[in-house]
Amino acid sequence: MTPIVLDPFVTDLDGESAALRAAGPLVDVELPGGVACHAVTHHAEARRLLTDPRLVKDINVWGAWQRGEIPLDWPLIGLANPGRSMLTVDGADHRRLRNLVAQALTVKRVEHLREGIRALTDASLDRLATVPEGETVDLKAEFAYPLPMNVISELMGVDRADHPRLKELFEKFFSTQTPPEKVPQMMADLGELFTKIVDAKRDHPGDDLTSALIAASEDGDRLTGEEIVNTLQLIIAAGHETTISLIVNAVVALETHPEQRARVLSGEVSWESVIEETLRWSTPTSHVLFRFATEDVEVGDRILPKGAALIVSYGALGRDETQYGPTAGEFDVTRSPNRHIAFGHGPHVCPGAALSRLEAGIALPALYARFPDLRLAVPASELRNKPIVTQNDLHELPVRLS
């Protein structure tokens, strides 16, 4: 089977996702940089594979990695091999690392963040209110980005003074367009920055998750310095990128479906329904790298070979008609039931899902309450995705607030 080559510039994510889905539940794909792997593109098969113990996160199982075929300057190397953390281990090691994070992100503890999130949202809206009438503003940069970045930084104990450098490095980390010769230095710079943050917390612990991870390691929980640094990087990266895209994608979906926008703003449909349908229809995470097959695994009428790498194509399976019916390709805020798996499934399901939903659940209704006449400043067809194969992420979201 000829592999589907994923577009490094993400010029037509919907079209690409449809092609992947049409090719079957297991598809040969080629990632930017010429790296071959497989993708699961249907909902039922993804749910099954995400709980299949024959698929593991240990990169050393990957045949291409064993054979030295994956260059260390590959632009996606940081996503493929981010170091030891709860993202890259399985079984008891995964439970050990995940339990510490999960304790800080329980629904009860996340709920305690509500007032702080509301205050940050109101502050962002106050700044937006100073934009002259009719002027275009980038809603992503001025609203969708600051909220989750500030929330996750406060949770982890990261100083806001580090935000500009983090933004710069994460742009390079996720992009398919980072020149290979700059990848090793970018990875080293990220490691150095997060090591600096962890070292500062060792010297001056606070009421934050990074300090809690350090304390746990000192209490005999056997977290290494590498695990703490990598866990911090993982949570900061995942904890802000997904929520940015969720907020942005919800606004785009509503503004391109005015009849549904009207039903939401009238109170006929809940904001919770908007969030869940956005997560399904315009999922923030388009592809997640990697799981590796420890033996041959049957998927539909195909075999995922032992040693193969698998990505989960959430953008494709979110509109799977076998799961959501003939209207799977439509944005419908009244859809019920809506049992998507946009935050994953199984042991590695995203521990920050409740926090992301809470942030969007505060930010979106507050935005439209303050600016009910908000509208896109350009046709939706002119909105541009960033060159990131793992994220459904726009360069900018130009809007007019009045």
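Helices here are DSSP runs of H or I with at least four residues, numbered from the N terminus. With that in hand, welcome to this predicted model. One such helix, α12, spans residues 209–221 and holds Ser-211. This briefing starts with that residue, then visits two helix pairs, two sheets and a few backbone details.

**A first stop: Ser-211**

- Ser-211 sits in helix α12, and its relative accessibility of 6% places it among residues that count as buried, because the cut-off for buried is under 20%.
- Setting aside neighbours within four places in sequence, Ser-211 is in contact with Lys-201, Pro-205 and Gly-206.

**Helices α9 and α13**

- Two packed helices can be described by the angle between their axes and the distance between those axes.
- Helix α9 covers residues 146–156 and helix α13 covers residues 225–255; they pack at an angle of about 155 degrees, and their axes are 8 Å apart.
- The two helices α9 and α13 are therefore roughly antiparallel to each other.
- Where α9 passes α13, the crossing is right-handed.
- On the α9 side, the residues that meet α13 are Leu-147, Pro-148, Met-149, Ile-152, Ser-153 and Met-156.
- Their counterparts in α13 are Leu-232, Ile-235, Ile-236, Gly-239, His-240, Thr-243, Ile-244 and Ile-247.
- Sorted by class, this contact of α9 with α13 has 10 nonpolar residues, four polar ones and no charged ones.
- Helix α9 is mostly covered, with 10 of its 11 residues buried.
- Among the buried residues of α9 are Pro-146, Asn-150, Val-151 and Leu-155, and Ile-152 and Ser-153 are also buried.
- Just after α9 comes Gly-157, where phi is positive at about 80 degrees.

**Helices α10 and α11**

- Helix α10 (residues 163–174) packs with helix α11 (residues 183–203) at an angle of about 145 degrees, with the axes 10 Å apart.
- This pair, α10 and α11, has a left-handed crossing.
- From α10, the residues in the contact are Arg-165, Leu-166, Leu-169, Phe-170, Lys-172 and Phe-173.
- They meet Met-186, Met-187, Asp-189, Leu-190, Leu-193 and Phe-194 of α11.
- By class, the contact of α10 with α11 has nine nonpolar residues, three charged ones and no polar ones.

**The sheet of six strands**

- Strands of a sheet pair through backbone hydrogen bonds, and the pairing is either parallel or antiparallel.
- Six strands make an open sheet in the order β1-β2-β3-β9-β6-β4, and their pairing is mixed.
- Strands β1 and β4 (55–56) are at the edges, each pairing on one side only.
- At one edge, β1 runs parallel to β2, and two bridges join them; Val-5 stands opposite Glu-30 in β2.
- Strand β2 (residues 26–31) has five of its six residues buried, so it is largely enclosed by the rest of the structure.
- At the other edge, β4 and β6 run antiparallel and are joined by two bridges.
- The bridge partner of Val-56 in β6 is Phe-292.

**The sheet of three strands**

- Another open sheet has three strands in the order β5-β11-β10, with antiparallel pairing.
- Its edges are β5 (136–138) and β10 (375–376); each has a single partner strand, so one side of each is left without a neighbour in the sheet.
- Three bridges join β5 to β11 (residues 398–400), and these two strands run antiparallel.
- Thr-136 stands opposite Arg-400 of β11.

**Backbone details to look for**

- Most residues other than glycine have a negative phi, and most peptide bonds are trans.
- Val-10 has a positive phi near 50 degrees, in a residue other than glycine.
- The loop between β1 (4–5) and α1 (13–22) is where Val-10 is found, and at 6% relative accessibility Val-10 counts as buried.
- Leu-289 and Phe-290 are joined by a cis peptide bond with omega of about -25 degrees, and Phe-290 lies in strand β6 (residues 288–293).
- Another cis peptide bond runs from Ser-336 to Pro-337, with omega near -5 degrees.
- Pro-337 is located in the loop between α17 (321–324) and α18 (353–370).

Notes
Residues are numbered from 1 along each chain as its sequence is written. This is a predicted model: local features need pLDDT of at least 70, side-chain atom pairs count only at pLDDT 80 or more; totals for chains, interfaces and linings use all residues. Side-chain values use heavy atoms; hydrogens and water are left out. Axes are lines fitted to C-alpha atoms, for helices over the stretch in contact, and angles run from 0 to 180 degrees between N-to-C directions. Angles under 35 degrees count as roughly parallel, over 145 as roughly antiparallel, 65 to 115 as roughly perpendicular and the rest as oblique. A crossing is left-handed if the near helix is turned anticlockwise from the far one by less than a right angle, and right-handed if clockwise. Contact means heavy atoms within 4.5 Å. Ala, Val, Leu, Ile, Met, Phe, Trp, Tyr, Cys and Pro count as nonpolar, Asp, Glu, Lys and Arg as charged, and the others, Gly among them, as polar. Two strands pair if DSSP finds at least two bridges between them. Buried means under 20% relative accessible area, exposed over 50%, partly exposed in between (1.4 Å probe, protein chains only).
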